[in-house]
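Visitor: I have a structure open and would like to go through a few spots in it. Can we start with the loops?
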Amino acid sequence: MENSRKIEEEQLIIEGRNPVREAFRAGRTIDKLYVQDGLKDGPVLALVSKARKSDAIVTFVSKERLDEMSVTGKHQGVIAQCAAYAYAEVEDLLERAREKGEAPFFFLLDDIEDPHNLGAIIRSANLMGAHGIIIPKRRAVGLTATVAKASAGALNYTPVARVANLSQTIEQLKKEGMWFVCADMDGELMYDLNLTGPIGVVIGNEGNGVSRLVKEKCDFTARIPMNGDIDSLNASVAAGVLGYEIVRQRMKKG
């Protein structure tokens, strides 16, 4: 199991100045660039500039941290973490809905950190007929090989867009006629809400739920009924339960 995990990680990591530069030149989708603290020579600064222009997250870390991350032992002060799949744009998701002649149906994930959860949500979203998923660039898992595997192939068909600010994206999509519901234990019972029409479903972080700023942008909060001894569902299960209530209401209306 450990060897399998390591091989998977190696496929996503590019080490060394020249390999990272070539990855940018080839148009690889790079999620994060890790740079050794204190390195300010020309080649390194050029890589940092390329990373920022491509919207990759630049993180400065100690040499010891890079040594821990390194597989080859020859990182030369830079390690790039690549996405297993290319990201879509939010407009691509809207266009997907238009092409199908359907009201937009998106999932917006507020800082999901577990790649298995993200992969499972992508899988469920595909089976529900959702038009795509939106994730934030920071404090959340990206499209890693683990995510791709957990999606069971759905990542090939369901686009995932990555945005700088989830709250601003919600505001922009409201101008397209969409409205938003977030899963929250203090909300209205989901069966009592009208969940038809162009809708975005917001699912929160595994531990903290939907952040306050994002929740304030939502039009409704939906409570999933729970009668057990613990107080919350796994994020991917919550997405599945709430998402299929939307599917049920759409089918009933249609």
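Visitor: Where is Q76 found?
Guide: This is a predicted model. In it, Q76 sits in the loop between α4 (63–69) and β4 (78–82).

Visitor: What is the phi of Q76?
Guide: Q76 has a positive phi of about 55°, although it is not a glycine. Most residues other than glycine have a negative phi.

Visitor: Why does Q76 count as partly exposed?
Guide: Its relative accessibility is 49%, and partly exposed covers the range between 20% and 50%.

Visitor: And D111, buried or exposed?
Guide: D111 is buried, because its relative accessible area is 14% and buried means under 20%. D111 lies in the loop between β5 and α6, and its phi is also positive, near 65°.

Visitor: On to α6, then. Which residues are buried there?
Guide: Among them are N117, L118, G119 and I121. The cover over the buried residues of α6 includes β5 (105–109), β6 (132–136) and α10 (235–253).

Visitor: How far apart are the end C-alpha atoms of α6?
Guide: They are 20 Å apart, which agrees with the span expected for 14 residues at 1.5 Å a residue.

Visitor: What happens at the start of α6?
Guide: A side-chain oxygen of D114 reaches to within 2.8 Å of the backbone nitrogen of H116 there. After α6 comes G129, with a positive phi near 85°.

Visitor: New topic, the surface. Which residues form the nonpolar patch?
Guide: M185, M226, L233, V237 and V241 form it, with about 370 Å² of accessible area together. M226 is in the loop between β10 (220–223) and α10, and counts as partly exposed because its relative accessibility is 33%.

Technical notes. Residues are numbered from 1 along each chain as its sequence is written. This is a predicted model: local features need pLDDT of at least 70, side-chain atom pairs count only at pLDDT 80 or more; totals for chains, interfaces and linings use all residues. Side-chain values use heavy atoms; hydrogens and water are left out. Helices (H or I, at least four residues) and strands (E, at least two) are DSSP runs, numbered from the N terminus. The expected span of a helix is 1.5 Å times one less than its number of residues. Buried means under 20% relative accessible area, exposed over 50%, partly exposed in between (1.4 Å probe, protein chains only). Contact means heavy atoms within 4.5 Å. A polar contact is a pair of N or O atoms within 3.5 Å; within protein, one must be able to donate a hydrogen and the other to accept it, and residues adjacent in sequence count only if both atoms are side-chain atoms. Patches are made of residues with over 30% relative accessible area and no salt bridge: like charges are joined within 9 Å, nonpolar side chains (Val, Leu, Ile, Met, Phe, Trp, Tyr) within 5 Å. Accessible areas come from the Shrake-Rupley method with a 1.4 Å probe; for residues, only the protein chains shown count as cover. A salt bridge is a side-chain nitrogen of Lys or Arg within 4 Å of a carboxyl oxygen of Asp or Glu.
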